[in-house]
Amino acid sequence: MKAVILAAGKGERLEPITHTRPKPFVPILDKPLILRHIEILRKYVSDILVVINSEYKVHFNSIQGVKLVEQINTRGTAAALKSVEKYINDEEFLVIYGDVLFEEDAIKSVMKVEGNTMLSVSVNDPKRYGVVILNSENRLVKIIEKVENPPSNLINAGIYKFTQDIFSYIDKIRPSIRGEYELPDAINMIADKVTVVKYNGIWMDIGRPWDLIDANKIFLEKEESRIFGLVEENVKIKNKVIIEEGAVIKSGTYIEGPAYIGKNSVIGPYAYIRPYTVIGSNVRIGAFNEIKESVIMENTKIPHLSYVGDSVICEDVNFGAGTITANLRFDEKEVKVNIKNERVSSGRKKLGAIVGGHVRTGINVSILPGIKIGAYAWIYPGAVVDRDVNKGEFFYPPYLRRSSST
Amino acid sequence: MKAVILAAGKGERLEPITHTRPKPFVPILDKPLILRHIEILRKYVSDILVVINSEYKVHFNSIQGVKLVEQINTRGTAAALKSVEKYINDEEFLVIYGDVLFEEDAIKSVMKVEGNTMLSVSVNDPKRYGVVILNSENRLVKIIEKVENPPSNLINAGIYKFTQDIFSYIDKIRPSIRGEYELPDAINMIADKVTVVKYNGIWMDIGRPWDLIDANKIFLEKEESRIFGLVEENVKIKNKVIIEEGAVIKSGTYIEGPAYIGKNSVIGPYAYIRPYTVIGSNVRIGAFNEIKESVIMENTKIPHLSYVGDSVICEDVNFGAGTITANLRFDEKEVKVNIKNERVSSGRKKLGAIVGGHVRTGINVSILPGIKIGAYAWIYPGAVVDRDVNKGEFFYPPYLRRSSST
Amino acid sequence: MKAVILAAGKGERLEPITHTRPKPFVPILDKPLILRHIEILRKYVSDILVVINSEYKVHFNSIQGVKLVEQINTRGTAAALKSVEKYINDEEFLVIYGDVLFEEDAIKSVMKVEGNTMLSVSVNDPKRYGVVILNSENRLVKIIEKVENPPSNLINAGIYKFTQDIFSYIDKIRPSIRGEYELPDAINMIADKVTVVKYNGIWMDIGRPWDLIDANKIFLEKEESRIFGLVEENVKIKNKVIIEEGAVIKSGTYIEGPAYIGKNSVIGPYAYIRPYTVIGSNVRIGAFNEIKESVIMENTKIPHLSYVGDSVICEDVNFGAGTITANLRFDEKEVKVNIKNERVSSGRKKLGAIVGGHVRTGINVSILPGIKIGAYAWIYPGAVVDRDVNKGEFFYPPYLRRSSST
C-alpha cells in the first residue's frame, strides 16, 4: 500500500514561521512534523508520496526515500490528491494532511477498517474545522465545513484511507468560495461508503503560530527523561528533562522541566529554563536568560539578559543583549494576534512573540505580546516593537523613522 | 483604662503609599503599624478605640477587638480625640498617634506617671515637629509647632496619658491656620499640669515615603535570625535573615542580610537580596533580580531582570521584565521628591522609586530617582519615567503621547 | 648609559582614553605601559629621562626616580629628543617611544650592537608605519613613512640606541607636512651608520583604542595563573585566571579565563567573566553582568544587569543598571570607528564601546558598536547612543533634545 502526504499548503496562517519553511516542517521536539509522519507511515506502507509546493522544494528534497510530487495549477486538498493519481496502483491508499499532529494509533485505527475510511476526533472548538455527521453504523453522513453552530464536537482529522474510486469523484467537484478544490466535497459524494473511525489519541491541527507551543508541549509530556549531553556541576534540574547528545549545560543553570534541549546546544551559565521550553539543536542560551514555555528553533542565539516567555523563536535568530518579550497584557485579557489580516484572540492570557527565521534584534529591544516579526527582519536597538514587522523590514523606533520596509 | 489611637489622617504626604491604605497600615516587617500598636496597648488597657476616616473603613474593619469611631465634620487631632469623648468613662486614658513608630517602653514610661503625661523624644530635625519646652521639674511649659529655629531637640512624641479634663479644653481651642483643631493647643492650656517623660527608645514619625524604608530597617535590626521557610540547596545566606513560613528560596539565591522574607513568598532562582530588604507575603522575586534596601509589599511580582534599590514598592505591583529603578543622581546630590506640591530633599543620596499599589510596568521600563508612581498606574514598555505619575494614569513615552490621565 | 622615553604625544587617536591620561599610561594588566618600560630599562641604564607634555604633568609626577623633561614649542619626535640634549653626557643612549609595547628582549637586542642601532619588526599592516629598507649587511638604507604600497613588512619599532651625533642631525631637519620634526628624518641622514636589528618578540603600537584590548590580551597570554584574592564557595573558574590581592570573587561567579582581576576589585555574585577580560583595581562588577574580552580600568562600577563585550571602559566609570554595549553589527561587517575625523575600520567583527574616564550612564542605556563616549560625559537613562559623545557632553535621546554639549 502507498501513503500520500498532502504538504503543498502555503501556511500563511502560520507566518512568520512559514516564511522560511513549509508548514509540515514545523519542529516538534526539534524534528520536523513530516518526519514524524513518515516514521509512522513506514510501518504500514511500502511507498510514501508527498504532494508539495515547488516553492519549498529545497526543504522536501532533504527527506530520504519518499516520492515528491509537485502540485500544479489548481488549488486545494482535492487538487493536491489528484496530482498523485498516476502513482497509485493499489486498490487502497492512505492520505494524511501534512500539518496535523497525531500518534501511530491514528493510522492503526484507519488500517483496521476495510474500504474508505476517515478518522474523526472530538475537539473543544469544532467550528474551526469540518464537522463530521455520521449515522448509527458509523457511516459518514456529511462533512460540514467551519459552521458557526456545529452540531457536534466530532471533526474530520485529515487522515483517510481511500479506494481508487475517490479520484473519479474529485473530477466531479467544483471549486469552493475560496477557489479551492476541497477533498471533503469529494468525500461527501461517497459518504455512505465511508466508515468514520473515532480516535481518542493525541491529535492537533497546527493552524496558528501558538499551536506550535502546545504541540511541543503535548509531545514533551510523552517523552521520558534522558540526559545524553554534558551537565556541568552545580546545575539544578527539576522534573523531566531531555538533553540530547552534544548539548552542554553550564554551571548555575536551573532547569524546571518538562524541557527539551536539542543536540549541541549550549545553555548557561546562569540560564533559567522553565517548564515547556523546547530548544532545538545548535542553540545558544547564554547567561542571565530566562525561557518559559517557548519553542526556540535551531541555530538561534539568545546570549545575554533576555526573557522569552510563551513565544516561538524560529531558526538562526540573534537576540541582542537585553531583548525582552512581554507575554501578558496590563489588563490581563487574552492576547490577540493578526492572522491573515484578521485580529484573532489566541485564547491565551500569556502569549509572547512569534519571531521568524534569521531575525536580528538590537540590544534592549522590547517586543509586545502577540507580535509577529517576519523572517530576516532587523529591529533597531532600544525599539519597542508594538506592531507586526514585515519580512525583511528594518524596524525603527517612531522617533527615528516610522519604518523602512525592504 | 482605655486607649485611643488617632488614625483618621489622610496621609497625603505618604502618597502613593496611602492611595490604597491608611497611614497606620503601612507595613513594618509585613505587619501593619497599627497592629503593632494594638499588641502593645493590649498589655496596658482593657479597651482600644480607633478614630478613623470613613474612607478607609474597610481596612480598619479587618482589625479584631477594637472599637472604631469615625471622625466627622471637623479636622485635626483635637477634633479626632473629641470624637471619642462619650466612650471615655475612666478618669485617665491613653492617646497615641497612629502614624508614629515606638516600642513598648514608650507606653510603660507614660503609665508610670500619674495624671496628664506626654512623651518626648530627642530628634535631629526638631523643626519638622512640635518642640517641647519644659521646666526643671519636667512640667510642660509649652509645645511650639514647627518653628525654623527650635530651642531644643526635644519634641512631642504623640503619646499621651490624659485625664478627662482634656475634653473641656479641646472645646475652647480655635482652629489653626490650616483650619485644623490641634491637640497641642489644648495641651498648652493645661501645660502646668502635664508631666513630660523623656524617652530614649525607638521612635519615628513615618511622615514621608522613604521613612518607611528606615522604619523597617530599625525593626529589622531588632529581630533575631529565623528560617521557617524552605531553602533549596546552593543558596548563600550572609548575616541575619528572617524567612517566614511557606516562603521558598530557590537555588542560586544570594541573600546578604539583614533581610526579611514574608510568608509564602518565592525568591529566585538567582535573585540577589541585599541588606535591609524587607519583602512582604506572597511576593514573587524571580530570576536575575537584585533588591537592595527596599520595602516590597504583599502580592507584588518582580519576576525577571530588575534592579530595585532604595525603593518602596506597594502591594500587588507587577514589574515587567527588565524594569529598573535608578537610585543615584549623576551629580550624586541628595535625591529630591515632590511631597504635597513641594519639592523636598529626601536627605538620601540613594533613593529609588515609590510605587503605589496595583501598578503595572511594561518591559524595559526605567524609573528615575525619587519618582512617585500613583496606585493603579500603567507604564508603557520601554518608557523612562522622569516625572511623578498620577493615580490610575497610563504613562507613555514622550514620542508616543505626552500622557493619558484617567 | 641613559635612556630617553619620548612620552609627549597627545594621543588624539586614542581618545577618549587619552582624555584623562597620557598615552604611555594606558594600562596593561592594570599597570601603566610606561612603568613596564621603566622596569625593563632600569636593568640596562643608570638614568631615565622622560620627555613629557606639560598638560599631563600630574600623571608623570607619580613616577619615582625618573627625570621629567617638558617638550616646549616645537612638535614631533625629533623635537622631543632635542629637549633632552643637555642631559645626555655619555657617548651612547637609548631612545624609546612611550606608546609601543615590547618585551625585554627588544632592549637586549639593541644593547648588543655597537653604535647607532634601530629595532625593526615585521608586521601585517606595514603601511601604517615607517617601513625600513636595509642592505644586505643590515645597515639602514632608508625609513619610508606610511606609504600605500610598502616594499616590505619590516618597520621601525621606535626603539633606538643613538650616539650623541644624532643631535646635530636633528638640527638640520625640516618640519614634515604635518608641521612636525620627525626623528626618522634625522636617522635617514645617518642611515649608513645605523645598524638595523630585527626583533621577533612581542611588539605593538597602541595607536587606536581597540589596540588596548589586544595589548592586554597578549600580556595576559604570557602570565601564569595566580589567585591571591578571596574566592567564595561556588565560584567556577576555567582556564588561566589571575586574581590579585584584596580582590573578592563572590558566590556564583563564573570565570572563563584567561582573565585578570585587579587588586581589591569585587566581582559578583553571579557575574560571568569571559576570556580576555582584564579588570583593573578597585573595580566593582556586580550581579548579573557579563564581561567579555574587554579592558575595565580602575575604580569603575558595572553594578547590575550589563553586558560589556569587546570594549574599553576607562577609570571611575559608573554604568547604570541595564547598560548594554552592542558589539556586532546586524550585517556582521567589520565595526568602524571615528579616529581623528576619519571613519576607519577596526578590522574587528566584534567591537563594543570605548568609554572615557568618569562617564556616567543612566539605567537601561544602549551603546552601539564602535561608539566612543568622551570622558566625563553623562548618558540619559534609556538612551540609545548611536553616535560618538563628546567629552563632558550630556547625551539625550533624540525625542528629548538633540544634545547638550558642555
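**View 1. Polar contacts and salt bridges between chain B and chain C.** In this predicted model, ten residue pairs, both members at pLDDT 80 or more, are in polar contact between chain B and chain C. The rule also finds five salt bridges across the interface of these two chains. In one salt bridge B:E332 pairs with C:R360, and their closest N and O atoms are 3.9 Å apart.

**View 2. The side of chain B that touches chain C.** Several strands of chain B each supply at least two residues of this side: β16 (236-238), β19 (254-256), β22 (271-273), β25 (289-292), β31 (324-325) and β36 (366-367). Sorted by class, the residues on this side of chain B comprise 17 nonpolar, nine polar and eight charged.

**View 3. Extent of the interface of chain B and chain C.** Contact here involves 34 residues of chain B and 29 residues of chain C. About 2,300 Å² of area is buried between chain B and chain C, and carbon and sulfur atoms give 66% of that area.

**View 4. Chain C laid on chain A.** A turn of 120° and a shift of 0.1 Å along the axis lay chain C on chain A with an RMSD of 0.1 Å. This is the relation of a three-fold axis.

**View 5. Residues 255-337 of chain A.** An unreviewed UniProt entry lists this span as "domain: Mannose-1-phosphate guanyltransferase C-terminal". Residues 255-337 of chain A are 46% strand and 0% helix, and the C-alpha atoms at the two ends of the span lie 29 Å apart.

Conventions
Residues are numbered from 1 along each chain as its sequence is written. Chains are lettered from A and ligands numbered from 1 in the order in which they are written. This is a predicted model: local features need pLDDT of at least 70, side-chain atom pairs count only at pLDDT 80 or more; totals for chains, interfaces and linings use all residues. Side-chain values use heavy atoms; hydrogens and water are left out. UniProt positions are given in the numbering used here, feature names are shortened, and annotations may be inferred rather than shown by experiment. Helices (H or I, at least four residues) and strands (E, at least two) are DSSP runs, numbered from the N terminus. Copies are superposed by least squares on the C-alpha atoms of residues with pLDDT of at least 70 in both. Contact means heavy atoms within 4.5 Å. Buried area is the accessible area (1.4 Å probe) that two parts lose on being put together, summed over both. A salt bridge is a side-chain nitrogen of Lys or Arg within 4 Å of a carboxyl oxygen of Asp or Glu. A polar contact is a pair of N or O atoms within 3.5 Å; within protein, one must be able to donate a hydrogen and the other to accept it, and residues adjacent in sequence count only if both atoms are side-chain atoms. Ala, Val, Leu, Ile, Met, Phe, Trp, Tyr, Cys and Pro count as nonpolar, Asp, Glu, Lys and Arg as charged, and the others, Gly among them, as polar.
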